[in-house]
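Reader: I am new to this model. Please show me how to read its features, one at a time.

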Amino acid sequence: MMKTTFLSTLVIPTFITIAGVAGVAHASNDNQPPMEASYLTQAPQGTFHSDSLTGNQVKSSVENDEDIGTINDLIIDEDGQINAVVVGVGGFLGMGEKDVAIEWDSLELTKDEDGEDYIISVNASQEALESAEEYERGNDLHTERDTEMNNSENDDE
């Protein structure tokens, strides 16, 4: 009986020490500094800048490539993937225009004859976009820059 008690007093502290060390080793992985930033000197092959899309006309592939709206914004998920583009349709010279969100997979991007600019097409008519439900930005996540811009706009009032 004495040997059993003696062994258990040796084994239990050893087990606690091993478990404690394993817990410390695991915790130290969580406290590692974030990976250092990496940098680019030019855009990788097959990528483009957002301004290659925003401000550009969307053409209708069912209406002889007629301009049917202007890309005003991009909807991007937290992984950096474009989910949709927000297109301003209708109106005249920006008056009476409404925003419609078109899913990214619904768009076709091709290069122009020079191979320098994108032509953005959708398989929809202008009438279809004008009758589509309006996109409301709502309570999405804002960046610090958005907050600063909104605050400075409110200061002018």
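Author: Begin with a term: a salt bridge is a side-chain nitrogen of Lys or Arg within 4 Å of a carboxyl oxygen of Asp or Glu. Note that this is a predicted model: local features need pLDDT of at least 70, side-chain atom pairs count only at pLDDT 80 or more, and totals for chains, interfaces and linings use all residues. Residues are numbered from 1 along each chain as its sequence is written, and side-chain values use heavy atoms, with hydrogens and water left out.

Reader: How many salt bridges does the rule give?

Author: The count is 2. Here is the general idea. Side chains of opposite charge can pair when their charged atoms come close. In this structure, one salt bridge joins Lys59 and Asp67, at 2.6 Å from N to O.

Reader: Are Lys59 and Asp67 buried or exposed?

Author: The terms come with cut-offs: buried is under 20% relative accessible area, exposed is over 50%, and partly exposed lies in between (1.4 Å probe, protein chains only). Lys59 is partly exposed, at 22%. Asp67 is partly exposed too, at 37%.

Reader: Which side chains form the other salt bridge?

Author: Arg137 and Asp73 do, at 3.3 Å from N to O. To place them, use helices (H or I, at least four residues) and strands (E, at least two), which are DSSP runs numbered from the N terminus. Arg137 lies in the loop between α2 (126-131) and α3 (144-155), and Asp73 lies in strand β2 (residues 66-76), so the pair ties together parts 64 residues apart in sequence. Arg137 is partly exposed, with 42% relative accessible area. Asp73 is partly exposed at 31%.

Reader: What is the order of helices and strands along the chain?

Author: The chain has 3 helices and 6 strands. Along the sequence they run α-β-β-β-β-β-β-α-α.

Reader: What share of the chain is buried?

Author: Of its 157 residues, 16% count as buried.

Reader: How much of the chain's contacts come from residues 24 or more positions apart?

Author: A contact means heavy atoms within 4.5 Å. Among contacts in the chain with a separation of 6 or more, residues 24 or more positions apart account for 38%.

Reader: Where does Glu113 lie?

Author: Glu113 lies in the loop between β5 (107-111) and β6 (118-122). At 78% relative accessibility, Glu113 counts as exposed.
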